Amino acid sequence: MTLWICETCAVEHADTAEPPERCEICSDDRQWVPPRGQCWTTHDALRGTRQAALTTLEPGLDRLVLTPEIGIGQQTLLVSTDAGLVVWEPPGYADDEVLGTVQDLARPLGGVAAITASHPHLVGAAVTWARELGAPYLVNRADLRWVRRPDAVVETWHDVEQVAPGARLVQTGGHFPGSAVLHLDAHDGAGVLLVGDSIAVKPDRRWVSFMRSYVNDVPLSERLVRQIAGRVGGYDYDRLYGAFGADVTWGARAVVEASAERYVGWLTDALRDPDEVELTW
Ligand SMILES: [Zn+2]
Ligand SMILES: [Zn+2]
């Protein structure tokens, strides 16, 4: 039997003799299947093909980057807490070296407290990571149907979940119904958000965005954008760390609030380009 990993999203699938016919995550309208069709790989085929590098973003928060990237290419964030290490958005890759790097970071904290992610696109090989690191894999119950490898390590949560001291999952919905951010009490007393695809950090760091599909450019409704802004608006935060290496390093709360207003302004025609002219034919 074999654990199959979708080549496009790098989400690990259940242990079966033959690969699944398709990846449900990539067949969904938020993702994509390559023109050549569905392709699969395995942990055995991938072993030794990636290098991991660890960077400290701020005290208690590290980023694990694989080269070359795999699947959607999320970068894994590692949060040090008094109850252990919280792993946010593991890749669809797990060799002894990568897992050993994480274990070395977790050991002085007493181990790994939990594996979790913002939503089903960025879970990679979460079940393998959870099993190897001896931790639960926390999945929002609204997104349970997207778990492609059911396992006893999977535990569900909803609304707000305290993962460890100073680290809580907050359900925002939007991109997925169970989409979430991880809110942290940072070393300097400011709050920090790890956002995944719940709030997207874009090249212009003065703005963030919110989408049903980032790859297919499908927007969210006014109701859902206001829901996301309202949910994170209940927390103090100054910095925001994205899934792909881009971050908002100060004033993040004002950036999110202004971005939600801009987004809703375009959705509702309240904002218009100043050079727009009326086209009557
Ligand atoms: Zn896939
Ligand atoms: Zn996504």
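Strand 13 (residues 180-185) and strand 14 pair with each other in the antiparallel sense, and 4 bridges hold this pairing. The model described here is a predicted one, and this pair of strands offers a convenient place to begin reading it. Within the pairing, Leu182 has Leu194 of strand 14 as its bridge partner. The two strands form a hairpin with 5 residues between them, and in this hairpin Gly189 adopts a positive phi near 90 degrees.

Strand 14 also has a second neighbour, strand 19 (residues 239-242), to which it is joined by 4 bridges, and here the two strands run parallel. In this second pairing, Gly196 of the one strand stands opposite Gly242 in strand 19.

How many of the 6 residues of strand 14 are buried? The count is 6 of the 6 residues in the stretch 191-196, and strand 14 is therefore largely enclosed by the rest of the structure. The cover extends to both faces of the strand, since Gly191, Leu193 and Val195 on one side are buried, as are Val192, Leu194 and Gly196 on the other.

From strand 14 the reader can pass to the metal site. The zinc ion (ligand 2) has as its protein donors His119 through NE2, His121 through ND1, His175 through NE2 and Asp197 through OD, and these lie 2.1 to 2.2 Å from the ion. Along the sequence, the spacing of these donor residues follows the pattern H-x1-H-x53-H-x21-D. Two of them, His119 and Asp197, link distant parts of the chain, being 78 residues apart: His119 belongs to the loop between strand 8 (112-116) and helix 4 (126-133), whereas Asp197 belongs to the loop between strand 14 and strand 15 (200-201).

Both of these residues are also covered by protein. His119 has a relative accessible area of 4% and therefore counts as buried, and Asp197, with a relative accessible area of 8%, is likewise buried. As for the geometry of the site, the angles among the 4 donor atoms of the zinc ion (ligand 2) range from 95 to 149 degrees, and the site is classed as irregular. The upper end of that range matters here, because four donors count as tetrahedral if all angles lie between 85 and 135 degrees.

The surface offers a contrasting view. Val277, Leu279 and Trp281 form a nonpolar patch there, and together they have about 460 Å² of accessible area. Of these residues, Leu279 lies in the segment that comes after helix 6 (252-267). Is Leu279 buried or exposed? Its relative accessible area is 61%, so Leu279 is exposed.

Terms used. Residues numbered from 1 in each chain as written. Chains lettered and ligands numbered in written order. Predicted model: local features only at pLDDT ≥ 70, side-chain atom pairs only at ≥ 80, totals over all residues. Heavy atoms only, no water. Patch = residues over 30% accessible without salt bridge, like charges linked within 9 Å, V, L, I, M, F, W, Y side chains within 5 Å. Areas by Shrake-Rupley, 256 points an atom, 1.4 Å probe, with all protein chains shown as cover. Salt bridge = Lys/Arg side-chain N within 4 Å of Asp/Glu carboxyl O. Buried < 20%, exposed > 50% of the residue type's maximum accessible area, 1.4 Å probe, protein only. Pairing = 2+ DSSP bridges. Donors = N, O, S within 2.8 Å, 3.2 Å for Na, K, Ca; no water. Tetrahedral: all angles 85-135°; square planar, octahedral: opposite > 155°, others 65-115°.
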